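Work through the exercises below with the structure open. Try each task before reading its solution.

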Amino acid sequence: MIRYTTSADGIVPEMLAGFFVGWADPPTAQTHLKILRRSSHVVVAIDEGTGRVVGFISAISDGVLCAHITLLEVLPDYQRRGIGTELTRRMLGELGDLYAVDAACDAELSGFYARCGMQERRAMVLRNYRRQSGLGARPGYPSDG
Ligand SMILES: CC(C)(COP(=O)(O)OP(=O)(O)OC[C@H]1O[C@@H](n2cnc3c(N)ncnc32)[C@H](O)[C@@H]1OP(=O)(O)O)[C@@H](O)C(=O)NCCC(=O)NCCS
């Protein structure tokens, strides 16, 4: 049974193993939890049988006009069961009636997002691979929390 929650409350790093598959320098579970806490919106899928987080989606919104879906991942053993679609559907509901909700993705996933009601557009992105783990000082950000 999968339970969906829109808060990171009650989630501890031990529940967050196995994410960022294929990343060369992935965030730790502690950093992952920090990402969930600092995002303006999250939806988390928890396997009630094991207590593990098996999928999550995060977004940042200005609450006025725009939001950006920042991360979406379902653990490999739980993929292709509709969890990613349900996370996205719930996130779009959480974000509400904004003018713009954007998600940058690889071309192979455009069909997935299109089935969630989004349209394909071109996106420009910047990736600083030295910072892929999210570790290190961030001027202007609180050190924790
Ligand atoms: C993308 C992702 C979140 C989808 O989660 P999911 O729970 O498997 O999604 P659903 O079961 O709701 O939908 C599955 C459908 O998504 C599409 N899909 C999922 N992964 C895909 C992939 N790697 N390539 C192409 N299509 C994919 C397929 O159409 C699939 O339908 P099918 O099983 O009938 O072929 C999951 O594959 C994942 O975590 N991928 C790695 C991280 C990632 O790419 N995140 C997105 C960043 S923008």
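The exercises cover the ligand site, the salt bridges and two surface residues of this predicted model.

**Exercise 1. The ligand shell**

Task: Find which residues come nearest to the ligand, and how the residues of its shell divide into nonpolar, polar and charged.

Solution:
- Step 1. Collect the residues with a heavy atom within 4 Å of the ligand. There are 17 residues around the ligand.
- Step 2. Pick out those that come nearest. They are Leu72, Arg80, Gly82, Thr85 and Arg115.
- Step 3. Sort the shell by residue class. The division is 8 nonpolar, 4 polar and 5 charged.

**Exercise 2. Backbone contacts to the ligand**

Task: Find which ligand atoms lie within polar-contact distance of the backbone of Leu72, Val74 and Gly84, then state how much of the ligand the protein covers.

Solution:
- Step 1. Apply the cut-off: a pair of N or O atoms within 3.5 Å.
- Step 2. Take Leu72. One of its backbone N or O atoms is 2.7 Å from a nitrogen atom of the ligand.
- Step 3. Take Val74. Here a backbone N or O atom sits 2.8 Å from an oxygen atom of the ligand.
- Step 4. Take Gly84. A polar backbone atom of Gly84 is 2.8 Å from an oxygen atom of the ligand.
- Step 5. Turn to the area. On its own, the ligand has 900 Å² of accessible area, and the protein covers 67% of that.
- Step 6. Map the shell onto elements. Strand 4, helix 2 (83–95) and helix 3 (110–115) are the elements that give two or more residues to it.

**Exercise 3. A salt-bridge network in a helix**

Task: Find how many salt bridges the whole structure has, and which residues salt bridges with shared partners join into one network.

Solution:
- Step 1. Search the whole structure. The search returns 3 salt bridges.
- Step 2. Start with Arg89 and Glu86. Their side chains pair at 2.8 Å, N to O. Both residues belong to helix 2, 3 residues apart, about one turn of the helix.
- Step 3. Add Glu86 and Arg90. This salt bridge also has an N to O distance of 2.8 Å. Glu86 and Arg90 are 4 residues apart in helix 2, so about one helical turn separates them.
- Step 4. Join the pairs. Glu86, Arg89 and Arg90 form one network through salt bridges that share partners.
- Step 5. Check exposure. Glu86 is at 18% relative accessibility, so it counts as buried. Arg90 is at 33%, so it counts as partly exposed.

**Exercise 4. A salt bridge between distant parts of the chain**

Task: Find where Arg3 and Glu48 lie, and how many residues apart they are.

Solution:
- Step 1. Confirm the salt bridge. The side chains of Arg3 and Glu48 meet at 3.3 Å, N to O.
- Step 2. Place both ends. Arg3 is in strand 1 (residues 2–5), and Glu48 is in the loop between strand 2 (41–47) and strand 3. They are 45 residues apart, and the pair links distant parts of the chain.
- Step 3. Classify the ends. Arg3 is partly exposed at 39% relative accessibility. Glu48 is partly exposed too, with a relative accessible area of 47%.

**Exercise 5. Two loop residues**

Task: Classify Val64 as buried or exposed, then do the corresponding check for Leu109.

Solution:
- Step 1. Locate Val64. The loop between strand 3 (53–61) and strand 4 (66–74) holds this residue.
- Step 2. Use the cut-off. Exposed means over 50% relative accessible area. Val64 has 68%, so it is exposed.
- Step 3. Look at its surroundings. Val64, Leu65 and Tyr99 make a nonpolar surface patch of about 390 Å².
- Step 4. Move to Leu109, in the loop between strand 5 (100–103) and helix 3. Its relative accessibility is 39%, so Leu109 counts as partly exposed.

Note on methods:
Residues numbered from 1 in each chain as written. Predicted model: local features only at pLDDT ≥ 70, side-chain atom pairs only at ≥ 80, totals over all residues. Heavy atoms only, no water. Patch = residues over 30% accessible without salt bridge, like charges linked within 9 Å, V, L, I, M, F, W, Y side chains within 5 Å. Areas by Shrake-Rupley, 256 points an atom, 1.4 Å probe, with all protein chains shown as cover. Salt bridge = Lys/Arg side-chain N within 4 Å of Asp/Glu carboxyl O. Buried < 20%, exposed > 50% of the residue type's maximum accessible area, 1.4 Å probe, protein only. Polar contact = N/O pair within 3.5 Å; in protein donor to acceptor, adjacent residues only side chain to side chain. Nonpolar A, V, L, I, M, F, W, Y, C, P; charged D, E, K, R; others polar.
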